[in-house]
Amino acid sequence: MSTSPTPEEREKKDAEAKAREEEEQSKLPYKWTQTIGDLDITVPVPGNLKGKDFTVVLLKTKLKVGVKGQEPILDGDLPHPIHVDESTWTLTTLAPSGKSAATAQPSKVIDIHLDKSNKMEWWPHVITSAPKIDTSKITPENSKLSDLDGETRGMVEKMMYDQRQKEMGKPTSEEEGKMEMLRKFQQQHPEMDFSKAKMG
């Protein structure tokens with residue numbers, strides 16, 4: 001007889017998986033974050049290099065980042081397609097910090113912004129050869145209706161309206177549409193008896 005894990009066992013297992021995931025991610029030569037619509041990568045690079053010293057290739061399903069003449073820092077297939085024209089990279093100089101800030105060589109990072117083709121999908125990793133994260137544990141940031149494209153926004157607003165109507169025991173937008181069609185039909189055909197008509 002199999003028993004499901006207790007909440008404590010499940011919590012311990014989740015904590016172990018999260019710790020393993022964080023350790024795997026910390027070993028990568030870059031840091032990355034994502035929203036449902038885009039993904040940002042930060043790659044630390046030597047501070048003495050300039051933009052012309054790098055090879056950065058952003059393709060629909062491939063990414064390559066590195067110093068010219070050296071092994072790439074990041075090279076592989078993306079798990080999902082991107083909008084290449086909306087994706088960018090920049091070389092940024094970071095201000096030195098700490099006790100030796102006055103004499104320290106400034107460090108730099110390559111900031112890469114990938115615009116996801118599918119705005120409704122979390123990525124488990126940046127490139128398919130990298131360790132995966134558990135996308136089911138992602139807590140999305142709150143978004144505003146105004147952030148959505150017209151079609152998606154209309155669909156979400158309709159769903160919200162229908163949910164409110166159901167909670168108040170009122171007809172949904174679809175049911176209202178059917179009732180309006182019936183009302184118009186009744187007006188056009190006053191000779192017909194609709195007293196025993198059933199909606200369903």
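Colleague: How many residues stand between strand 1 and strand 2 in their hairpin?

Modeller: This is a predicted model, in which local features need pLDDT of at least 70, side-chain atom pairs count only at pLDDT 80 or more, and totals for chains, interfaces and linings use all residues. Residues are numbered from 1 along each chain as its sequence is written, while side-chain values use heavy atoms, with hydrogens and water left out. Helices (H or I, at least four residues) and strands (E, at least two) are DSSP runs, numbered from the N terminus. Between strand 1 and strand 2 of the hairpin there are three residues.

Colleague: Which residue in strand 7 stands opposite Leu-39?

Modeller: Strand 1 (residues 31-34) pairs with strand 2 in the antiparallel sense over four bridges; pairing requires that DSSP finds at least two bridges. Across these strands, Gln-34 stands opposite Leu-39. Strand 2 is also joined to strand 7, antiparallel, by eight bridges. There, the residue opposite Leu-39 is Leu-114.

Colleague: Which strand supplies the largest share of the largest nonpolar core?

Modeller: A nonpolar core is a set of buried Ala, Val, Leu, Ile, Met, Phe, Trp, Tyr and Cys residues joined through side-chain atoms within 4.5 Å. The largest one has 25 residues, of which Tyr-30, Ile-41 and Leu-114 touch the most other members. At least two residues each come from strand 2 (38-45), strand 3 (54-59), strand 4 (62-67) and strand 7 (107-115). The largest share, four residues, belongs to strand 2.

Colleague: How far from Lys-108 is the nearest side chain of opposite charge?

Modeller: Lys-108 lies in strand 7 and is buried (under 20% relative accessible area, with a 1.4 Å probe and protein chains only). Lys and Arg count as positive, Asp and Glu as negative, and His and the chain ends are not counted. Lys-108 has no salt bridge, that is, no side-chain nitrogen within 4 Å of a carboxyl oxygen of Asp or Glu. The nearest side chain of opposite charge is that of Asp-53, at a distance of 7.2 Å.

Colleague: Which residue has its backbone oxygen 2.7 Å from a polar atom of the Lys-108 side chain?

Modeller: The backbone oxygen of Gly-47 lies 3.4 Å from a polar atom of this side chain. The backbone oxygen at 2.7 Å belongs to Leu-49.

Colleague: Is Glu-23 in helix 1 buried, partly exposed or exposed?

Modeller: Glu-23 is found in helix 1 (residues 7-26). Exposed means over 50% relative accessible area, and partly exposed lies between that and the buried limit. Because its relative accessibility is 45%, Glu-23 counts as partly exposed.

Definitions and conventions
A polar contact is a pair of N or O atoms within 3.5 Å; within protein, one must be able to donate a hydrogen and the other to accept it, and residues adjacent in sequence count only if both atoms are side-chain atoms.
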